[in-house]
Amino acid sequence: MDIGLKLLYIKGLIQKNIWKVKLTREELQEKRPEASAYINGAKQTENDLKQVQLAIVELETELRLHGREINRCLHINGELKKRIEELEHELKFKNVEL
């Protein structure tokens, strides 16, 4: 599976779990407000999942930046290889040995 698809899938799973915890917490708050330990635990879990979600977005941004840099380096590398070939051809044309 492509890394972009994996990221999209994982982001979807995290969002799904945030909603599940949120809905459960809201239901507990409505039907069993005395279950404060569970409600507080659900709030903390929601916050933890949101932190994971933010970290994934940051990592995804960093990954994209590195991908662009790699592409730029590959382009420069290709240009340099081409220039080396041109210079080697010039040297052969001038009968110069390396």
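This short talk describes the helices, the nonpolar core, the salt bridges and a surface patch of one protein model.

Good morning. Please keep in mind throughout that the structure before you is a predicted model.

I shall begin with the two helices to which I will refer. Helix α1 covers residues 3-31, and helix α2 covers residues 36-93.

Let us turn to the interior. Which residues form the largest nonpolar core? That core has seven residues, namely L7, I14, I18, V21, A42, L49 and I56. Two or more residues of this core come from each of α1 and α2. The greatest contribution is that of α1, which supplies four residues.

One member of the core, I56, shows how the surroundings of such a residue can be described. Setting aside residues up to four places away in sequence, I56 touches L7, I10, K11 and I14. Of these partners, L7 and I14 are themselves listed in the core. I10 is found in helix α1 and is classed as partly exposed, because its relative accessibility of 34% falls between the limits of 20% and 50%.

I10 also leads us to the surface. Together with M1, L5, L8 and Y9, I10 makes a nonpolar surface patch of about 560 Å². I10 is therefore a residue that touches I56 of the core and also belongs to this patch, while its accessibility of 34% makes it partly exposed.

I now come to the charged residues. Side chains of opposite charge can pair when their charged atoms come close. How many salt bridges does a search of the whole structure find? The search finds eight. I shall present three of them, beginning with a pair that spans the two helices.

K11 forms a salt bridge with E60, and their closest N and O atoms are 2.9 Å apart. Since K11 lies in helix α1 and E60 in helix α2, this pair ties together parts that are 49 residues apart in sequence. The two partners are not equally accessible. K11 is partly exposed, at 25% relative accessibility, whereas E60 is buried, with a relative accessible area of 11%. The pair also belongs to a wider arrangement: K11, E60 and R64 are linked in a network of salt bridges.

The next pair lies within a single helix. K22 forms a salt bridge with E26, with the closest N and O atoms 3.8 Å apart. Both residues lie in helix α1, four residues apart, which is about one turn of the helix. Are they buried, exposed or partly exposed? K22 is partly exposed at 26% relative accessibility, and E26 is partly exposed at 34%.

A similar description applies to a pair in the other helix. The side chains of E86 and R83 meet in a salt bridge, at 3.3 Å from N to O. They are three residues apart in helix α2, so about one helical turn separates them. E86 is partly exposed, with a relative accessible area of 35%, and R83 is partly exposed as well, with 41%.

I should next like to consider R25 and E46. R25 is placed in helix α1, and E46 is placed in helix α2. Their side chains are joined by a polar contact of 2.4 Å. Are these two residues buried or exposed? R25 is buried, with a relative accessible area of 12%, and E46 is buried too, with 5%. Both values lie under the 20% limit, which is why both residues are called buried.

Their surroundings may be set out as follows. Leaving aside neighbours within four places in sequence, R25 is in contact with I39, A42, K43 and E46. On the same basis, E46 is in contact with I18, V21, K22 and R25. Among these partners, A42, I18 and V21 are members of the nonpolar core, and K22 is the residue that forms a salt bridge with E26.

Finally, I shall mention two residues whose positions you may wish to locate. W19 lies in helix α1 and is partly exposed, at 43% relative accessibility. W19 and G41 are 22 residues apart in sequence and 15 Å apart in space, from C-alpha to C-alpha. L59 lies in helix α2 and is exposed, because its relative accessible area of 59% is over 50%. L59 and E27 are 32 residues apart in sequence, and their C-alpha atoms are 33 Å apart in space.

Thank you for your attention.

Notes. Residues numbered from 1 in each chain as written. Predicted model: local features only at pLDDT ≥ 70, side-chain atom pairs only at ≥ 80, totals over all residues. Heavy atoms only, no water. Buried < 20%, exposed > 50% of the residue type's maximum accessible area, 1.4 Å probe, protein only. Polar contact = N/O pair within 3.5 Å; in protein donor to acceptor, adjacent residues only side chain to side chain. Contact = heavy atoms within 4.5 Å. Core = buried A, V, L, I, M, F, W, Y, C linked by side-chain atoms within 4.5 Å. Salt bridge = Lys/Arg side-chain N within 4 Å of Asp/Glu carboxyl O. Patch = residues over 30% accessible without salt bridge, like charges linked within 9 Å, V, L, I, M, F, W, Y side chains within 5 Å. Areas by Shrake-Rupley, 256 points an atom, 1.4 Å probe, with all protein chains shown as cover.
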